[in-house]
Amino acid sequence: MMEKIVIEGGKRLKGEMTVHGAKNSALPILAATVLTTKRTVIHNCPRLTDIDAAINILRHLGCVVDVDGDCVTVDASDINCWDIPDTLMREMRSSVVFLGAVLARTGKASFSTPGGCEIGLRPIDLHLFAMSRLGAKINEEYGRLECECPEGLVGDKIALSFPSVGATENAMLAAVTAKGTTSIINCAREPEISDLADFLNGCGAKISGAGEGVIVIEGVKSLGGTEHTVISDRIAATTYMAAAAVTQGQIKINNIIPAHLGPVIPMFEEAGCDINVCGHSLSISAPPRLKRIKTIRTMPYPGFPTDAQAPIMAMITVADGTSMIIENIFESRYKHVNELVRLGAKIKVESKVAVVEGVHCLYGAPVIAGDLRGGAALVVAGLAAKGTTEIEGVNHIDRGHADFEKNLTLMGAIIRREKE
Ligand code: EPZ
């Protein structure tokens, strides 16, 4: 059934909320459960359609998965399968993160090639490079990817030409039970990488250096079970901060990890917001009119996250002055721009660069979410806009935001979901 989100904008956000667990941490951790024959319990696992897609893959592989609220229990003792059908791969592009774990566990992996997605061409050459460095034989034919390592994987040096998050995760997953030592050079340093390492180490893996430039993994024979709590979602938190900022709001967000918001907090301060961090809570208070943010460059962590680019852009559409965004990570991650322009924003894009000339006011209109973060940006803009904004393509937003409308409603927004 087609759904849309309807917002009556212009309401100041005020109140308190708790942010859910990080989707991009929970996904590789769910993939990692494939490596162990013992039961693993994952707490703070957000209830999102992307998580459902990962659970469907686990069940297809032969795992017994039990979901109780935000607690997911996986028993992977009877894995009996190494192929992931096209239908399951298409539900979520990041299914490719199952590659390393399935290959390491079963000695084989057969996947359909993921292809592109809404934010551009998304090659997996670095993932395959990492697998081949560990001794996998790879064949790509007829849209399928066949990997094999009948003798098992063997640790080696993997020097990534770019610190890809997914390739780093896949390399870690493949290496934890490989023979000997693996080092991943120029690895991604995102908090989600450290969370994955913590989960794996909890299962008995020997990973050091996560969060730094080189990860070293001493292979172990097998992994045991563990209980793990997923870190909180720094992008969801940033999106709520943008929603507060754009409505002259004042909110408190609980369950955050302050260090993970380090790359975004200065942008809110530059825009004139007051930020107060106390323990695992953050309070943000917005000025009557936001100031422009001179330059935002998306970069691998600890740089400014590409996933926050769209919601922050929505925020600065109404700032006083002109801001510039440079998107360095994905080649076509400006699909939300045309929709923001429909709401009255003044934005010009020239390849990687977006110039956002702040306007006094946005006006509600029907718009379409084309991808997850772009969709969240339309919600942010809709909260600021005068009148009614109707957002289609809600399925994209549901991939990454649990209880979005509920949380916003509790803080005073007028937002609802309608079925067509
Ligand atoms: C992860 O994607 C996240 N997804 C993305 O979040 C996030 O935007 C991205 O990291 C960057 O932070 C998950 O964690 C599930 P990359 P990933 O590999 O791993 C190129 C969201 O909205 N590249 O670091 O796919 C690639 O094309 C999503 O939650 C290669 O060229 O990101 C891109 O330009 C969207 N070859 C750049 O690297 C490869 O083999 C960064 O990609 C792999 C990547």
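**Strand pairing, an aromatic pair and ligand contacts**

User: What makes β6 and strand β7 paired strands?

Analyst: Between β6 and β7 (residues 108–112) there are 2 bridges, and the two strands run parallel. Pairing requires that DSSP find at least two bridges between two strands, so this condition is met. Strands are DSSP runs of E with at least two residues, helices runs of H or I with at least four, both numbered from the N terminus. One bridge links D83 with S110 of β7. This is a predicted model, in which local features need pLDDT of at least 70 and side-chain atom pairs pLDDT 80 or more, while totals for chains, interfaces and linings use all residues. Residues are numbered from 1 along each chain as its sequence is written, and side-chain values use heavy atoms, without hydrogens and water.

User: Why do β6 and β8 count as edges of the sheet?

Analyst: The open, mixed sheet has 4 strands in the order β6-β7-β9-β8. β6 (83–84) and β8 (137–141) each have a single partner strand, so each has one side without a neighbour in the sheet.

User: Why is the pair of Y240 and F404 called edge-to-face?

Analyst: The structure holds 1 aromatic pair. The ring centres of Y240 and F404 are 5.6 Å apart, within the 6.5 Å limit for Phe, Tyr and Trp (its six-membered ring), and their planes stand at 90 degrees; over 60 is edge-to-face, under 30 stacked and the rest tilted, so the pair is edge-to-face. Y240 belongs to helix α8 (residues 234–246) and F404 to helix α14 (residues 404–410), 164 residues apart.

User: How do you know that the ligand has a polar contact with K23?

Analyst: A side-chain N or O atom of K23 is 2.9 Å from an oxygen atom of the ligand. A polar contact is a pair of N or O atoms within 3.5 Å, so this pair qualifies.

Note on methods. Polar contact = N/O pair within 3.5 Å; in protein donor to acceptor, adjacent residues only side chain to side chain.
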